[in-house]
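User: I have this model open and a few quick questions about it. Let's take them one at a time.

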Amino acid sequence: MTVTVGPAGLWEAEQLADVAAVTFPLACPPGSTRESIEAFIDEVLSQERFGDYLDDPERTILAARENDSIVGYAMTIHGEPADSDIARALRRSPTMELSKMYVLPGHHGREVSAELMRAVIALAADNGCAGVWLGVNQENVRAQRFYAKHGFQQVGTKTFTVGSEVHDDFVMEREL
């Protein structure tokens, strides 16, 4: 099947939330509790929250679609990071954050992630960005390899809260 990538619409908030509920737990560190993961999904990845994100002019959600089904997505946040530690670690400005990028398990290894990444990089370039940055859990070696393959380098660290748990992330950046 052919997968296409393009901007998500408000009418797709439920599908995006469904994909997020399946994919987010797969990226969490092994010691994460079910309660913390479920709290994060409820607070950050619900249908209502995706509706908010899709209405936010500072965010873009790109959906990877196979036929009419969303099989993955990427969310970007335009502008400089609010966290001063992250801002100091970054080498490129203006910048865009790759806030989330997830693909359903049955589509791993089928170039869906690479297509999403190409679309994110094109979006950043079209918006005049000099770089793209992201946070990735320090225990998620598979994701770190994927990002390195696509030109990202570790430039710092940050924390990321999932429910009641605080995790350590690497900050990675790619020059455009």
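**Cysteines first**

User: Cys28: buried or exposed?
Analyst: Cys28 counts as buried, because its relative accessibility is 13%. The cut-offs are under 20% relative accessible area for buried and over 50% for exposed, with partly exposed in between (1.4 Å probe, protein chains only).

User: And Cys129?
Analyst: Cys129 is buried too, with a relative accessible area of 13%.

User: How many disulfides are there?
Analyst: Zero. The rule asks for a pair of cysteine sulfur atoms within 2.5 Å.

User: What am I looking at, by the way?
Analyst: A predicted model, in which local features need pLDDT of at least 70 and side-chain atom pairs need 80 or more, while totals for chains, interfaces and linings use all residues. Residues are numbered from 1 along each chain as its sequence is written, and side-chain values use heavy atoms, without hydrogens or water.

User: OK, pockets. How much space lies in the largest pocket?
Analyst: About 1,300 Å³. A pocket here is an open set of points on a 1 Å grid over the protein atoms alone, where a 1.4 Å probe fits, with protein on both sides within 12 Å along at least five of seven lines. Its volume is the space filled by probe spheres set on those points.

User: Which residues are closest to its centre?
Analyst: Ala27, Met101, Tyr102, Ala143 and Tyr147, out of 50 lining residues. Lining means having an atom within 4 Å of a point.

User: Which element gives the most to that lining?
Analyst: Strand 4, with seven residues. Other elements giving two or more include helix 1 (13-27), helix 6 (141-149) and strand 6 (153-162). Helices are DSSP runs of H or I with at least four residues, and strands are E runs of at least two, numbered from the N terminus.

User: How does the lining divide between nonpolar, polar and charged?
Analyst: The lining has 25 nonpolar, 14 polar and 11 charged residues.

User: Now the core. Which residues have the most contacts inside the largest one?
Analyst: Phe24, Leu45, Phe50, Ile61, Tyr73, Leu98 and Tyr147, in a nonpolar core of 50 residues. Helix 5 gives the most to this core, with seven. A core is a set of buried Ala, Val, Leu, Ile, Met, Phe, Trp, Tyr and Cys residues joined through side-chain atoms within 4.5 Å.

User: What does Leu45 touch?
Analyst: Leaving out residues up to four places away in sequence, Leu45 touches Ala17, Ala20, Phe24, Phe40, Phe50, Tyr73 and Lys100. Contact means heavy atoms within 4.5 Å.

User: Any backbone oddities?
Analyst: The Ser93 to Pro94 peptide bond is cis, with omega near 0 degrees. Pro94 sits in the loop between helix 4 (84-89) and strand 4. Asn67 is not a glycine, yet its phi is positive, about 60 degrees. Glu111, also not a glycine, has a positive phi of about 70 degrees.

User: Why flag those?
Analyst: Because most residues other than glycine have a negative phi, and most peptide bonds are trans.

User: Where are those two residues?
Analyst: Asn67 is in the loop between strand 2 (59-66) and strand 3, and is exposed at 55% relative accessible area. Glu111 is in the loop between strand 4 and helix 5, and is partly exposed at 46%.

User: Last one: where does Arg174 lie?
Analyst: In strand 7. Arg174 is partly exposed, at 23% relative accessibility. Its contacts beyond four places in sequence include Ile121, His150 and Phe152.

Definitions and conventions:
Ala, Val, Leu, Ile, Met, Phe, Trp, Tyr, Cys and Pro count as nonpolar, Asp, Glu, Lys and Arg as charged, and the others, Gly among them, as polar.
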